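Visitor: I should like to learn how to read the features of a structure such as this one. Where shall we begin?

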Amino acid sequence: MLFHTFEFLIFFIVLIVILSFSAGMTWKKWVLLVASCIFYMWWNPAFILLIFFSIGVDYYLGEALFKEENQAKRKLYLVLSMCSNLGLLAFFKYFNFFSDNCLWILQLFGYEPSWTSLNIILPVGISFYTFQTMSYTIDIYRKKLKPAESLLDFSLFVSFFPQLVAGPIIRARDFLPQLKDKSRKIAFSTESLLLVTKGLVKKIIIADNLGIFVDAIYATPDIYPSFIIWIATICFSIQIYCDFSGYTDIAIGLAKMLGYDFPLNFNKPYFAITPSDFWRRWHISLSSWLKDYLYISLGGNRGGTLLTYRNLMLTMLLGGLWHGASWNFVAWGFLHGLILVIYRWFDIDKKIASWNNGYKFVSFLIMQYWVLITWITFRQTDASLMLATLNKFLFVDLSLKIQNIGLGNLSFFSTLLILGGFLAVHTFSYFTGGIEYFLERQAKWKLAIILFLTGSMLFFFWPTQESPFIYFQF
Amino acid sequence: MHIRNLIFFLVFVTCGVLIAMFSVPSIHNQLGSDFVRTELILKTLKDKESPPDLVLFGNSILMNGIDGQLLSKISGGTKVYNLSSSGQNLYESSLYYQEVPAGVKMVVQFVQAELLSDFPKNRFDDRVARNFYLYGYRPRPETYRLLGDSLLNYFKEPFYEIYADSRAIVSTSINQSFRRVLRKDLNLRALATEIYYPYTYTTRLDSATYFRRIQVNSPPELMTTYQVSPEAVAVLNKMKDYFSDRGIEYKVVVFPINPDLSNFSDRYKSEAENILTNLTTTKFDLISMINLLNADEFIDHVHPTPEGAKKMTQAFAEKIYR
């Protein structure tokens, strides 16, 4: 069930009606849990069993970890939790990738084994909820968290539908206390409604429309001049941002309506001036997860310069692989790891504070250029198309010829308008501290006009073909 | 619960959606698009004051290929309307047939040879039906009899569904309006104004682009396996009978094919010509122009140059008025 579908609207209305008639926190949690299961089973009922498995394993191992004093046994429980979660991920997400690459290596050495790939369906949201359950047991192991008070609380923490399939990856220490807070009630605050509206605009008007252009250009990059490839790449960077942050905005808004707070997941990442700044702004819940549970577990920056570089690189490579079982995601992670290492090598993060605005602007441009290159590796899963796109992007051909290349049929001009509109609103939003906070302060009649125009825009720019959120595939 | 907040949001967003939806027909007619020609054709046919003698239907090849005024001059003053439009295939043309006014002496349908073989490709898509609907067109019973219910099902959809399906009109208009500014090689004004010689393609493509088009548009094996489909014969006969009942002559013309299309072998030429000749003598009046033009008389893979158009018009006049 997608947030921007009619069926979800009905689902949410029914849920609100049931919740408004229910008294007591336990009842509310049960209703939310059942609703979350229905939400997930709408896609594929069988895979709810995987979530139940993950919930069961981590809930009971978490309790055991908390009670156990013996360090060796605690370690064993932690390893069991990691194995079950990573085992699920490894089988459902990486098995075919691993077997295909093994086959390729064997063929390199002249072996031709009889080999068939398994037809494994990737369960939606598996990368998100396994990371959530892992962080729960690791936090208990590190004695930073007490276990959930009940299986019901823990089940709801893992399966709460607004964040179940594409994050943000919430932490138990942030969410579990909210389940005990009796003051949290259903509330349609202006902020929550604006967040949902903003998310819909980002997804429907911006991401889906830019996606049509990107798909067309990236399918045959070699026939277009470099500047069209540049525009398509910028469009993709905006598309993926609006698609994912749009989903997150809706998720945060819906959770707020139900009385819960999710952490910020995006903070205008394209205003970043250094790689570490970028990762403090992009998919914050994942990057902080990787930092807390992978980078620090590997030793962080405690083992000297070379080990720090290794840890950075490993974290980014695995972060890339988290997105999907494909070498292009590994390349994406590698490029991000590389730039982090280079910046650390020259200690730019520390020096930049003393730079004047001109240098900061140059740093901003360099960062954005690098991010655009990485997005090409992220988007183009086919190696030959990736190289053709990179070739046009890096070695600019200075051709401005756009006649006879069919741009009139590829939504080129509406794409440029949407792109321009997004950049204007996004910059405005950056300097005003967020568009929803700006709108919240406006007079009712102004807000009414904006909502009216938003409704009209949503109608006219709602693509005729439904496209799911990009991060659903991860 | 702040329920008033929710109602406030829902009311204004929904109003925005509804007003946008109900303004679709007027926006469609005001903004204009490549489909604007449909409106011109419908208006021209509805003008009962001075009906033409000869009406030509077909796609953009005809737009570029037959000069109605030259034809008129050759024939000594008959009034000829070239009511072709981009992508107008046989079934789309058939939608206009009910509007052909009394007094017209002959209707000529231009078709591409491959569409007589791969006949299902003549079905128009919902986009075309939507466009006709928004210009106020409604099929009459005679058109249902001619084309059958399945092809015209879209016209029976509730109006709000058609309006909702048409929501892309704003972005389409934006793209097509800007394209008009950039594509100086296209004479797009003709779409909305010209009923005699509405040519849009004006300059021959550069060599590289031309040969890329040729390569992309050469259907493999088409030329050696070519056969006119029995469905095409049946449908064309039905059209002929329809006009015959109305006292109007109906003819079908097959467009010239660019000899540069790689599969256009001599063998195919004679085979296709034979098939078409047989059809002409046994089934209906079918005029073939397949071998008429040389490669240098094409702007791209299909559209004739002005010289090609002159040759086509003269050849057509010879067949019609001899």
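Guide: Let us begin with a single residue and its neighbours. The model is predicted. In it, Ile284(A) touches Leu264(A), Asn265(A), Phe266(A) and Asn267(A), when residues up to four places away in sequence are left aside.

Visitor: In which helix of chain A does Ile284(A) lie?

Guide: Ile284(A) belongs to helix H12 of chain A, which covers residues 284–295.

Visitor: How far apart are Ile284(A) and Leu86(A) in sequence and in space?

Guide: Ile284(A) and Leu86(A) are separated by 198 residues in sequence, and their C-alpha atoms are 21 Å apart. Contact requires heavy atoms within 4.5 Å.

Visitor: Let us turn to the surface. Which residues make the nonpolar surface patch of about 930 Å²?

Guide: The patch is formed by Phe6(A), Leu9(A), Ile10(A), Ile13(A), Val14(A), Val17(A), Ile18(A), Phe21(A) and Trp27(A). Helix H1 of chain A, residues 6–21, contributes the largest share, eight residues. Val14(A) is placed in this helix H1.

Visitor: How should one describe the interface of the two chains?

Guide: One may start with the residues on each side, then take the area and the kinds of contact. Here 37 residues of chain B are in contact with 34 residues of chain A. About 3,200 Å² is buried between the chains, and carbon and sulfur atoms give 70% of that area.

Visitor: How many salt bridges and how many residue pairs in polar contact are found between chain B and chain A?

Guide: The rule finds zero salt bridges across the interface, while nine residue pairs are in polar contact, both residues having pLDDT 80 or more.

Visitor: Which helix gives the most to the side of chain B that touches chain A?

Guide: H1(B) gives the most, with 13 residues. The residues on that side of chain B comprise 22 nonpolar, seven polar and eight charged.

Methods: Residues are numbered from 1 along each chain as its sequence is written. Chains are lettered from A and ligands numbered from 1 in the order in which they are written. This is a predicted model: local features need pLDDT of at least 70, side-chain atom pairs count only at pLDDT 80 or more; totals for chains, interfaces and linings use all residues. Side-chain values use heavy atoms; hydrogens and water are left out. Buried area is the accessible area (1.4 Å probe) that two parts lose on being put together, summed over both. A salt bridge is a side-chain nitrogen of Lys or Arg within 4 Å of a carboxyl oxygen of Asp or Glu. A polar contact is a pair of N or O atoms within 3.5 Å; within protein, one must be able to donate a hydrogen and the other to accept it, and residues adjacent in sequence count only if both atoms are side-chain atoms. Helices (H or I, at least four residues) and strands (E, at least two) are DSSP runs, numbered from the N terminus. Ala, Val, Leu, Ile, Met, Phe, Trp, Tyr, Cys and Pro count as nonpolar, Asp, Glu, Lys and Arg as charged, and the others, Gly among them, as polar. Patches are made of residues with over 30% relative accessible area and no salt bridge: like charges are joined within 9 Å, nonpolar side chains (Val, Leu, Ile, Met, Phe, Trp, Tyr) within 5 Å. Accessible areas come from the Shrake-Rupley method with a 1.4 Å probe; for residues, only the protein chains shown count as cover.
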